[in-house]
Amino acid sequence: MKPDHLIPDPFPDLAKGEVHVWKCALPQDTSDLAGQFDMLSGDEQERADRFKVERPRRQFIIARSTLRSLLGRYLNRLPSEIIFRTAEHGKPELHYPEGRLQFNVSHSQELVLLAFSRSAPVGIDVEWLGGTADHSDVAGRFFSGREQSQLQALPPADRPRAFMECWTRKEAYLKARGFGLSRDTRTFSVSITGSAGEVLFEDNDDPSALDSWSIHPIQLEQPADYCAALAAQSPLETVKCLCLW
Ligand SMILES: CC(C)(COP(=O)(O)OP(=O)(O)OC[C@H]1O[C@@H](n2cnc3c(N)ncnc32)[C@H](O)[C@@H]1OP(=O)(O)O)[C@@H](O)C(=O)NCCC(=O)NCCS
C-alpha cells in the first residue's frame, strides 16, 4: 500500500504566508509496508533496515514515504525524483528540485506530522502524552528559569500536559531554525499557556527573534493524547491542518 491513495484530490494550494500541517496515523496493519519501503531511496532503505526496534522503523518508513508523496504533489514531481540533503545540525532540506519549498517532520508513537511552507523555514514537533518521565526533573534540566516558574505556578494535575505543551513549542522552534537539540534549550523561553503569536517570550542568543519567528500551538483534537506545536519564520498568515488517514 502506498500513501498516494490517501492524498486528497484536488490537492490543496499552498499559498505564500501559509503553512500546511498534515496529520498521518501509522497504519494498524503493518504486515504490508512494502509499497512504502519501495518509495524510499537506497540510503533511506538502508537506514530503515538498521532500526532494531519495530516502531521507530515503521515511523521512519511511513514518515519518509509520506514526505516524498506530499513533496511530489507540491512540486509536481514523482516521489522518487525528490533528493534530500542534510543541513549542519541534521535538518533535512530539498536538494532536488531546487526551490524554496520548506518542510519539517515529527513522529511520536503512532502519529506523524508534516509541515510545509512556500518559503518560510518551519519546524514541527508532536509528543505523546502517555509517557512516564519525571516532568519536574526534565524541566529542571531543560527549561529556562522563566518556564520552570510558569510550570510551578500551575495546579499539580495540570503540569504534565503543560510540560509537554512547553516542550513541543521549544522543540518546534529549535527545529524551525535547524538547530535541533544541538542548542541549549535554556537560552530561550516560551509561554506555556499563551496563544499563537505570543508564545516566544525571549531568546537570549537572538533578541530579534521575537519579531522574526512565531510559534503556534497545534490543536490536534484527534487523537486526544498528543500535543503539538509549529514554529515558522514570520510573517505567517495561516496554519491549515489537513488529515491523511
Ligand atoms: C532533530 C531532533 C530535535 C529530533 O527530535 P525527536 O523528538 O527525536 O524527533 P522528531 O520526530 O520530532 O523529529 C525527527 C525529524 O526531525 C528532522 N530533523 C532532524 N534533525 C533536525 C534538525 N536539526 N532541525 C530540524 N529538523 C530536524 C528529521 O526529519 C527527523 O526525522 P527523520 O530522521 O525521520 O527524517 C533531535 O534528534 C536532534 O536534535 N538531532 C540533532 C542532533 C545534533 O545536534 N547533532 C549534532 C551533530 S550533526
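Which element gives the largest share of the shell around the ligand? In this predicted model, the answer is β4, which contributes 4 residues. That strand is a handy place to start, and the pocket, the ligand and a few backbone details can be taken from there.

The pocket comes first. The largest one has a volume of about 750 Å³. Its lining is made up of 34 residues, and those closest to the centre are Arg47, Arg64, Gly90, Pro92 and Val105. Several parts of the chain chip in here: the helices α2 (42-50), α3 (54-75) and α6 (159-176) each give two or more residues to the lining, and so do the strands β2 (83-86), β4 (102-108) and β6 (122-128). Once again β4 turns up at the head of the list, as the largest share of this lining, 6 residues, comes from that strand. Sorted by class, the lining holds 13 nonpolar, 10 polar and 11 charged residues.

What takes up the space of this largest pocket? It is the ligand that sits there. There are 20 residues around the ligand, and the ones that come nearest are Arg47, Ser106, His107, Lys175 and Leu181. Arg47 thus appears in two lists, being among the residues closest to the pocket centre and also among those nearest to the ligand. At least two residues of the shell come from each of α3, β4 and α6. As for chemical character, the shell splits into 5 nonpolar, 8 polar and 7 charged residues.

Some individual contacts fill in the picture. On the backbone side, an N or O atom of Gly90 is found 3.0 Å from a nitrogen atom of the ligand; Gly90 is also one of the residues closest to the centre of the pocket. Side chains take part as well. Glu171 places a polar side-chain atom 2.8 Å from a ligand oxygen, while an N or O atom in the side chain of Asp125 is 3.1 Å from an oxygen atom of the ligand. How much of the ligand does the protein cover? Taken on its own, the ligand has 900 Å² of accessible area, and the protein covers 68% of that.

A few backbone details round things off. The peptide bond that runs from Asp9 to Pro10 is cis, its omega being near 10°, and Pro10 belongs to the segment before β1 (18-25). Another cis peptide bond links Gln222 to Pro223, this time with omega at about -15°. Pro223 sits in the loop that runs between β9 (213-218) and β10 (226-233). Then there is Gln109, a residue other than glycine with a positive phi, near 50°. Gln109 lies in the loop between β4 and β5 (111-117), which brings the account back to β4, the strand with the largest share of the shell around the ligand.

Technical notes. Residues numbered from 1 in each chain as written. Predicted model: local features only at pLDDT ≥ 70, side-chain atom pairs only at ≥ 80, totals over all residues. Heavy atoms only, no water. 1 Å grid on protein atoms, 1.4 Å probe; cavity = no way out; pocket = protein on both sides within 12 Å on 5 of 7 lines; lining within 4 Å. Points joined across faces, edges and corners; volume = space filled by probe spheres on them. Nonpolar A, V, L, I, M, F, W, Y, C, P; charged D, E, K, R; others polar. Near = heavy atom within 4 Å. Polar contact = N/O pair within 3.5 Å; in protein donor to acceptor, adjacent residues only side chain to side chain. Areas by Shrake-Rupley, 256 points an atom, 1.4 Å probe, with all protein chains shown as cover. Sits in = over half its atoms within 2 Å of the grid points.
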